Amino acid sequence: MDAKSVITVNIVTPDGSVYDATTDLVVCKTTVGEIGIMPNHIPTLAALAIDRVRVHKGEEKFDEIAVSGGFMEFSDNTLSIVASAAEKSEDIDTNRAQRAKERAEKRIAQAKESHNVDELKRAEVSLRRAVNRISISSHR
Ligand code: ATP
């Protein structure tokens, strides 16, 4: 693949780099919908949902990375993703995510009972992170 037909992908978090690769297709979910990035796509800046980033690795194969929100920026065939947390599917601890899901569900029930709107919102985001990790780890 020559430089014009390749995308370089970097995913970074406050803890450092989580994923680096070259590819011909990345699919990610922005807060306004799914976006597919191929080489020479127009420069793009978008907020990411709590979801998966899929990086094409040939044939039907994709690397999947869980991202807990953040931003993606594409220009000059480089896709940079800055996320508050991100894990490659093989690095996800499913039991930990399952425990986080149960904790979040309890918090949601309590927040609803006490009509605590702020706590409810925070717990719902925790639940989304946990469910996203469980869903991505079940694909590997
Ligand atoms: P928990 O309650 O289990 O800590 P969390 O959603 O609060 O989950 P985050 O604040 O999103 O966790 O992430 C904290 C750090 O832990 C990040 O570096 C993130 O990549 C990592 N992390 C969180 N959950 C998992 C998991 N299930 N498997 C692997 N790494 C995880």
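Lys29 stands opposite Glu34 in strand β4. That pair is a good way into this predicted model. It belongs to the ladder between β3 and β4, where five bridges join the two strands. β3 and β4 run antiparallel. β4 covers residues 33–37. Two residues separate β3 from β4, and the two strands form a hairpin.

Step back for the overall plan. The protein has two helices and eight strands. From the N terminus on, the order is β-β-β-β-β-β-β-β-α-α. The C-alpha atoms fill a box of roughly 60 × 30 × 25 Å along the principal axes. There are 140 residues in the protein, and buried residues make up 39% of them.

Now return to β3, which spans residues 26–30. β4 is one partner of β3. β5, residues 44–56, is another. β3 and β5 pair in the antiparallel sense over four bridges. Two residue pairs help to trace this ladder. Val26 stands opposite Val55 in β5. Val27 stands opposite Arg54 in β5. How enclosed is β3 by the rest of the structure? Four of its five residues are buried, so β3 is largely enclosed.

β5 leads onward to β6, which covers residues 62–75. These two strands also pair in the antiparallel sense, over 12 bridges. At one point of this ladder, His56 has Phe62 in β6 as its bridge partner. β5 and β6 form a hairpin with five residues between them. Gly58 lies in the turn and has a positive phi of about 100°.

Follow the chain past β6. Asn77 sits in the loop between β6 and β7, and β7 covers residues 78–83. Is Asn77 buried or exposed? Its relative accessible area is 11%. The cut-off for buried is under 20%, so Asn77 counts as buried. What does the side chain of Asn77 reach? It reaches the backbone nitrogen of Asn40, at 2.7 Å.

The ligand comes next. The space that the ligand takes is the largest pocket. How many residues surround the ligand? The shell holds 13 residues. The closest are Glu87, Asp93, Arg103, Arg129 and Arg133.

Which elements each supply at least two residues of that shell? They are β8 (86–88), α1 (94–113) and α2 (117–137). α1 gives the largest share, with four residues.

Individual polar atom pairs add detail. Asp93 uses its backbone: a polar backbone atom lies 2.8 Å from a nitrogen atom of the ligand. Asp15 uses its side chain, where an N or O atom is 3.1 Å from an oxygen atom of the ligand. For Arg129, a polar side-chain atom lies 2.7 Å from a ligand oxygen atom. Taken alone, the ligand exposes 590 Å², and the protein buries 68% of that area.

To recap the route through the strands: β4 pairs with β3, β3 pairs with β5, and β5 pairs with β6. Beyond β6 comes the loop that holds Asn77. The route then ends at the ligand, with β8, α1 and α2 among the contributors to its shell.

Key:
Residues are numbered from 1 along each chain as its sequence is written. This is a predicted model: local features need pLDDT of at least 70, side-chain atom pairs count only at pLDDT 80 or more; totals for chains, interfaces and linings use all residues. Side-chain values use heavy atoms; hydrogens and water are left out. Two strands pair if DSSP finds at least two bridges between them. Buried means under 20% relative accessible area, exposed over 50%, partly exposed in between (1.4 Å probe, protein chains only). A polar contact is a pair of N or O atoms within 3.5 Å; within protein, one must be able to donate a hydrogen and the other to accept it, and residues adjacent in sequence count only if both atoms are side-chain atoms. A residue is near a molecule or strand if one of its heavy atoms lies within 4 Å of it. Accessible areas come from the Shrake-Rupley method with a 1.4 Å probe; for residues, only the protein chains shown count as cover. On a 1 Å grid over the protein atoms alone, a cavity is a set of points where a 1.4 Å probe fits but cannot get out, and a pocket is an open set with protein on both sides within 12 Å along at least five of seven lines; lining residues have an atom within 4 Å of a point. A molecule sits in a cavity or pocket if more than half of its atoms lie within 2 Å of its grid points.
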